[in-house]
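I opened a new notebook page for this structure. My entries follow in the order I looked things up.

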Amino acid sequence: MIRTAYIEQQRGLQDNVITLGSMTEKAIGRAVEALRNQDSDLALRVIEGDQAINQLRWEIENDVLTILATQGPMARDLRRITAAMMIATELERMADHAEGIAVLTRRTAEEPLLKPLVDIPRM
């Protein structure tokens, strides 16, 4: 017996985690670019975008809890579903760090850099 709804829920969960990863990657890239160029406007966009990342993380966690409560996954599916929640938590934390970089960039945008930022973007 194939549980189509269950498969669709898992696929949607996976898609949301991939989307969250992409959003986080963009936030980090923009935050570092804002820092390197002392771009206060770009930093502000990173800060404003953090709310969407937080919201998607909560949606993923809600989806995980819904799947756990309604579908009773076992073994491999259970590990995959709980891993999705753990990954979402870590991605959101990384996005919070990007937001922190953006906040510091806005605070120091008027100050000259002590030296050109070469190593940070490379990391």
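**Entry 1: ground rules.** I call a residue buried under 20% relative accessible area, exposed over 50% and partly exposed in between, using a 1.4 Å probe and protein chains only. I am working on a predicted model, where local features need pLDDT of at least 70, side-chain atom pairs count only at pLDDT 80 or more, and totals for chains, interfaces and linings use all residues. I number residues from 1 along each chain as its sequence is written, and I use heavy atoms for side-chain values, with hydrogens and water left out.

**Entry 2: Gln38.** I looked up where Gln38 sits and found it in the loop between α1 and α2. I take helices (H or I, at least four residues) and strands (E, at least two) as DSSP runs, numbered from the N terminus. Is Gln38 buried or exposed? Gln38 counts as buried, because its relative accessibility is 16%. I then checked the backbone: the phi of Gln38 is positive, about 50°, although the residue is not a glycine. Gln38 follows α1.

**Entry 3: another positive phi.** I noted Ala75 next, a residue other than glycine with phi near 45°. Ala75 belongs to helix α3. Its relative accessibility is 48%, so I list Ala75 as partly exposed.

**Entry 4: helix lengths.** I computed the expected span of a helix as 1.5 Å times one less than its number of residues. For the 34 residues of α1 that gives 50 Å, and the end C-alpha atoms are 49 Å apart, which agrees. For α3, also with 34 residues, the expected span is 50 Å and the end C-alpha atoms are 50 Å apart, which agrees.

**Entry 5: buried faces.** I listed the buried residues of α1, among them Gln10, Leu13, Val17, Leu20 and Thr24. An α-helix has 3.6 residues a turn, so residues three or four places apart point the same way. In α3 I found Ile81, Ala84, Ala88, Leu91, Glu92, Ala95, Ala98, Ala102 and Thr105 buried. What do the buried residues of α3 pack against? They pack against α1 and α2.

**Entry 6: the core.** I searched for nonpolar cores, meaning sets of buried Ala, Val, Leu, Ile, Met, Phe, Trp, Tyr and Cys residues joined through side-chain atoms within 4.5 Å. The largest has 22 residues, and Leu13, Leu20, Ile60 and Ile81 have the most contacts inside it. The elements giving two or more residues to this core are α1, α2 (40–71) and α3 (75–108). α2 gives the most, eight residues. I then listed contacts (heavy atoms within 4.5 Å) for Leu20. Leaving aside neighbours within four places in sequence, Leu20 is in contact with Ile53, Leu56, Arg57, Ile60, Ala88 and Leu91.

**Entry 7: the largest pocket.** I ran a 1 Å grid over the protein atoms alone; a pocket is an open set of points where a 1.4 Å probe fits, with protein on both sides within 12 Å along at least five of seven lines, and lining residues have an atom within 4 Å of a point. I joined grid points across faces, edges and corners, and took the volume as the space filled by probe spheres set on the points. The largest pocket has a volume of about 210 Å³. Its lining includes Ile7, Gln10, Arg11, Gln14, Arg80 and Ile87. The elements that give two or more residues to this lining are α1 and α3. α1 supplies the largest share, seven residues. I classed Ala, Val, Leu, Ile, Met, Phe, Trp, Tyr, Cys and Pro as nonpolar, Asp, Glu, Lys and Arg as charged, and the others, Gly among them, as polar. By class, I have eight nonpolar, two polar and two charged lining residues.

**Entry 8: Gln10.** I returned to Gln10, in helix α1 (residues 4–37). Gln10 is buried, because its relative accessible area is 16%. Apart from neighbours within four places in sequence, Gln10 is in contact with Ile67, Asp77, Arg80 and Ile81.

**Entry 9: Asn54.** I found Asn54 in helix α2. At a relative accessible area of 15%, Asn54 is buried. Beyond neighbours within four places in sequence, Asn54 is in contact with Glu92 and Asp96.

**Entry 10: two prolines.** I placed Pro112 in the loop between α3 and α4 (119–122). Pro112 is exposed, with a relative accessible area of 69%. Its C-alpha atom and that of Gln38 are separated by 8.6 Å, though the two residues are 74 apart along the chain. Pro121 is in helix α4 and partly exposed at 27%. Leaving aside neighbours within four places in sequence, Pro121 is in contact with Val32 and Arg36.
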